[in-house]
Amino acid sequence: MKKFLYFSKGSIDGTTSTEEVACFPADKLSHFEMRNATDMRIFFTSQVEMDNDSGIDLPVVALDITSGKHKEVIEAITGAIASA
């Protein structure tokens with residue numbers, strides 16, 4: 001069975017005005033990057049062919065995390081992918 005990573009920001013109240021969601025296949029996870037102590041970016045590969053002139057960036061999820069907890073966040077995400 002294929003695994004997916006689901007991310008949600010905002011309260012789930014039945015409207016799209018306050019919700020931000022993203023869902024990507026776990027096997028498309030490319031890499032993690034830290035922008036600062038509380039901002040982690042998770043990049044995913046894409047089916048779209050990309051080059052420097054295409055203007056298309058890799059799909060990315062921006063996470064606000066507790067300062068200095070990037071290792072724990074990465075371990076939690078990769079652990080969820082690895083678990084049955």
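What follows is a walk through the structure above, from its overall layout to a few individual residues. Bear in mind throughout that this is a predicted model.

Let us start with the layout. The protein is built from five strands and one helix, and along the sequence these come in the order β-β-β-β-β-α. The helix, α1, covers residues 70-82. Among the strands, β1 runs over residues 4-9, β4 over 39-44 and β5 over 60-64, while β2 takes up residues 20-25.

Some overall values help to set the scene. Of the 84 residues, 18% count as buried. The surface that the protein exposes comes to about 6100 Å², and carbon and sulfur atoms supply 53% of that area. As for how the chain meets itself, take the contacts with a separation of 6 or more: 34% of them join residues 24 or more positions apart.

Now to the interior. The largest nonpolar core has 11 residues: Leu 5, Phe 7, Phe 24, Ala 26, Met 40, Ile 42, Phe 44, Val 61, Leu 63, Ile 65 and Ile 77. Three strands, β1, β4 and β5, each supply at least two residues of this core. The strand that gives the most is β4, with three residues.

Leu 63 is a good core member to select in your viewer. Setting aside neighbours within four places in sequence, Leu 63 is in contact with Phe 7, Met 40, Ile 42 and Ile 77, and also with Thr 38, Asp 39 and Val 73. Of these partners, Phe 7, Met 40, Ile 42 and Ile 77 are themselves listed in the core.

The core also holds a pair of rings that deserves a look. A pair of aromatic rings is described by the distance of the centres and the angle of the planes. In this model the count comes to one aromatic pair. The partners are Phe 24 and Phe 44, with ring centres 4.3 Å apart; their planes lie at 15°, which is under the 30 degrees limit, so the pair is stacked. Because Phe 24 lies in strand β2 and Phe 44 in strand β4, the pair ties together parts that are 20 residues apart in sequence. Both rings belong to buried residues, but the values are worth reading one by one: Phe 44 has a relative accessible area of 0%, and Phe 24 has 18%, where buried means under 20%.

From the nonpolar residues we can turn to the charged ones. The structure holds three salt bridges. Which residues are linked in a network of salt bridges? They are Arg 35, Asp 39 and Arg 41. Asp 39 takes part in both bridges of this group: its side chain meets that of Arg 35 at 3.9 Å, N to O, and that of Arg 41 at 3.1 Å, N to O. Since a salt bridge needs a nitrogen within 4 Å of a carboxyl oxygen, the bridge at 3.9 Å still counts.

The surroundings of these residues are worth comparing. Arg 35 is exposed, at 56% relative accessibility. Asp 39 is buried, at 13%, and Arg 41 is buried as well, at 19%. Arg 41 is found in strand β4. The side chains of Arg 41 and Asp 39 also make a polar contact, at 3.1 Å. Beyond residues up to four places away in sequence, Arg 41 touches His 31, Phe 32, Glu 33 and Arg 35, along with Val 60, Val 61 and Ala 62.

Glu 72 and Lys 69 form another salt bridge, with their side chains meeting at 3.9 Å, N to O. Here both partners are partly exposed: Glu 72 has 39% relative accessibility and Lys 69 has 38%.

Our last stop is Thr 78, which is found in helix α1. Thr 78 is partly exposed, with a relative accessible area of 34%. Its side chain reaches the backbone oxygen of Ile 74 at 2.8 Å. Thr 78 also gives a view across the fold: the C-alpha atoms of Thr 78 and Ala 26 are separated by 9.2 Å, although these residues are 52 residues apart along the chain. Ala 26 brings us back to the largest nonpolar core, where it is one of the 11 residues.

Notes:
Residues numbered from 1 in each chain as written. Predicted model: local features only at pLDDT ≥ 70, side-chain atom pairs only at ≥ 80, totals over all residues. Heavy atoms only, no water. Helix = DSSP H or I, 4+ residues; strand = E, 2+ residues; numbered from the N terminus. Buried < 20%, exposed > 50% of the residue type's maximum accessible area, 1.4 Å probe, protein only. Contact = heavy atoms within 4.5 Å. Areas by Shrake-Rupley, 256 points an atom, 1.4 Å probe, with all protein chains shown as cover. Core = buried A, V, L, I, M, F, W, Y, C linked by side-chain atoms within 4.5 Å. Polar contact = N/O pair within 3.5 Å; in protein donor to acceptor, adjacent residues only side chain to side chain. Phe/Tyr/Trp six-rings, centres within 6.5 Å; stacked < 30°, edge-to-face > 60°.
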